[in-house]
Each structure stands twice: as C-alpha cells, then as structure tokens.
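Student: I've got a new structure open and I keep running into labels I don't quite trust. Could we go through some of them together?

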Amino acid sequence: LLLGPKLDTLKAVRQDLETQKNLLSNYKIKAAALEKVEAEMAQAREQFNIAMTALPDKRELPSLLDEISKAGRDAGLEVQLFAPKGMVNKNFYTEIPFSMTVEGRYHQVAEFFYRVAGFNRVVNISSINMNRVSGKKGADNNKIQMKCTALTYMFVGPKKDKKKGSKSKKRRKK
C-alpha cells in the first residue's frame, strides 16, 4: 500500500525525464543548426556589403559618371560626347547606359579601358566602334575615334508590387 503510489509517481517522473531528454536533444540539434545559419547569414551579409560597393546609389552616381569622364581625359583622350540614355529599371537595380565618343591614339584608348577597369564600381563598356579619324592637313593621322556604350548600375531596392494592392482595393469596393 505504501509503495504503490510511490511507484506510480516514479514511473510518471521517469516518463517526464525521457520526454525532457528528447526535448533537450532536439534543442541541441536546433542550436547547432542555428550556429551554422548565423555563420551563413554573416557570410551573406559580407557578400552583400561587397556587392553594394560595386553598385552606387543615387547620391554616388554623378561622381561615378564624372570619374568615367575624367578617366578619358586623364588617358589623353578628347571626350567629344558623353550623353546619358534612358535608365532601365530592374528588380533591385537600375541600368544606366550612356553614349561616349572619344578621340585619341590607340594606346590612349587602351589606357582609358585600363582606368575604367580599375574602378571599384561596375562599369561595362560595349558596342565599341573604332574608326580612323579622317585626315586634316597637318593633323595626326594616327588618331582614332571610338564610339561606345558604357553601362553602370544603381541599387534601388526591390520593387513593391502595386498591382496586388490595387486589386485588393477593387475587391473591397465591390
């Protein structure tokens, strides 16, 4: 009579102990996974910060365009045209193309490309068209004219879907 209730209590406590041990092992597994996830998050944050240095925001864009123009002048090129084209909006960035026409020697053009490649920002130069400058009397016949399109990018953040918001408003009115 005396041991019966104590054995039932002991059995219940042992079951509770097993439940607590299982719960503790589950929490240990989750804690180990949490450390791994935190390490991955820190690495992703670091990669994001590196990517952000390559994508200027609106405040830094004019200085980047000035740097590109200055790189052409510093390379000894005569900048004849530097004209922005229409911006193209993407998910989280905007493409900013602009046309350039420069005149100079071949090695000066190569120096310009080298200087642009050394920027800490992303600048792609495409659609390159080089032609020999038609000779003027007494002019340097080794000059070429290069027309190209330079493309840089600007971070703008993810787009918010306005269509979903307008549909939900229409449904509420009905």
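**Strand β3 and its neighbours**

Tutor: Let's start in the middle of a sheet: isoleucine 96 of β3 has threonine 152 in β5 as its bridge partner. Keep in mind that this is a predicted model.

Student: How do you know that β3 and β5 pair?

Tutor: Two strands pair if there are at least two bridges between them. Between β3 and β5 (residues 144-155) there are 12 bridges, so they pair, and they run antiparallel.

Student: What makes β1 a partner of β3?

Tutor: Use the cut-off again: at least two bridges are needed. Strand β1 (residues 78-84) is joined to β3 by 6 bridges, in antiparallel fashion. One of the partner pairs is valine 79 with valine 102 of β3.

Student: And how do you know that β2 pairs with β3?

Tutor: Strand β2 (residues 88-89) has 2 bridges to β3, and at least two is what the rule asks for, so they pair. They run antiparallel. Asparagine 89 has threonine 94 in β3 as its bridge partner, and β2 and β3 form a hairpin with 3 residues between them.

Student: Why is β3 called mostly covered?

Tutor: β3 spans residues 93-104, and 11 of its 12 residues are buried. For the protein as a whole, buried residues make up 23% of the 174 residues.

**Two residues in β3**

Student: Why is threonine 94 called buried?

Tutor: Buried means under 20% relative accessible area. Threonine 94, which sits in strand β3, has 1%, so it is buried.

Student: What makes threonine 94 and asparagine 89 a polar contact?

Tutor: The limit for such an atom pair is 3.5 Å. The side chains of threonine 94 and asparagine 89 make their polar contact at 3.0 Å, which is within that limit. Threonine 94 also touches other residues beyond four places away in sequence, including Met87, Tyr153 and Val156.

Student: How do you know that glutamate 95 has no salt bridge?

Tutor: A salt bridge needs the charged atoms within 4 Å. For glutamate 95, the nearest side chain of opposite charge is lysine 90, at 4.3 Å, so the cut-off is missed. Glutamate 95 belongs to strand β3 and is buried all the same. Leaving aside neighbours within four places in sequence, its contacts include Val88, Lys90 and Leu151.

**Rings**

Student: How many aromatic pairs are there in the whole structure?

Tutor: A search finds 3 aromatic pairs.

Student: Why is the pair of phenylalanine 82 and phenylalanine 98 called tilted?

Tutor: Rings pair if their centres lie within 6.5 Å, and planes under 30 degrees apart count as stacked, over 60 as edge-to-face and the rest as tilted. Here the centres are 4.8 Å apart and the planes are at 50°, so the rings pair and the pair is tilted. This pair links distant parts of the chain: phenylalanine 82 is in strand β1, phenylalanine 98 is in strand β3, and they are 16 residues apart.

Student: Is each of those rings buried, partly exposed or exposed, and what makes you say that?

Tutor: Under 20% is buried, over 50% is exposed, and in between is partly exposed. Phenylalanine 82 has 26%, so it is partly exposed. Phenylalanine 98 has 1%, so it is buried.

Student: What makes phenylalanine 112 and phenylalanine 113 a tilted pair?

Tutor: Their ring centres are 5.9 Å apart, within the 6.5 Å limit, and their planes at 45° fall between the 30 and 60 degree cut-offs, so the pair is tilted. Phenylalanine 112 is buried at 0%, whereas phenylalanine 113 is partly exposed at 25%.

**Out on the exposed side**

Student: Why is asparagine 120 called exposed?

Tutor: Exposed means over 50%, and asparagine 120 has 56%, so it passes. It lies in the loop between α3 (106-117) and β4 (123-132).

Student: What makes the phi of serine 127 worth a look?

Tutor: Most residues other than glycine have a negative phi. Serine 127 has a phi near 50°, a positive value in a residue other than glycine. Serine 127 is in strand β4 and is exposed, with a relative accessible area of 56%.

How values were computed
Residues are numbered from 1 along each chain as its sequence is written. This is a predicted model: local features need pLDDT of at least 70, side-chain atom pairs count only at pLDDT 80 or more; totals for chains, interfaces and linings use all residues. Side-chain values use heavy atoms; hydrogens and water are left out. Buried means under 20% relative accessible area, exposed over 50%, partly exposed in between (1.4 Å probe, protein chains only). Helices (H or I, at least four residues) and strands (E, at least two) are DSSP runs, numbered from the N terminus. Rings of Phe, Tyr and Trp (its six-membered ring) pair if their centres lie within 6.5 Å; planes under 30 degrees apart count as stacked, over 60 as edge-to-face and the rest as tilted. Lys and Arg count as positive and Asp and Glu as negative; His and the chain ends are not counted. Contact means heavy atoms within 4.5 Å. A polar contact is a pair of N or O atoms within 3.5 Å; within protein, one must be able to donate a hydrogen and the other to accept it, and residues adjacent in sequence count only if both atoms are side-chain atoms.
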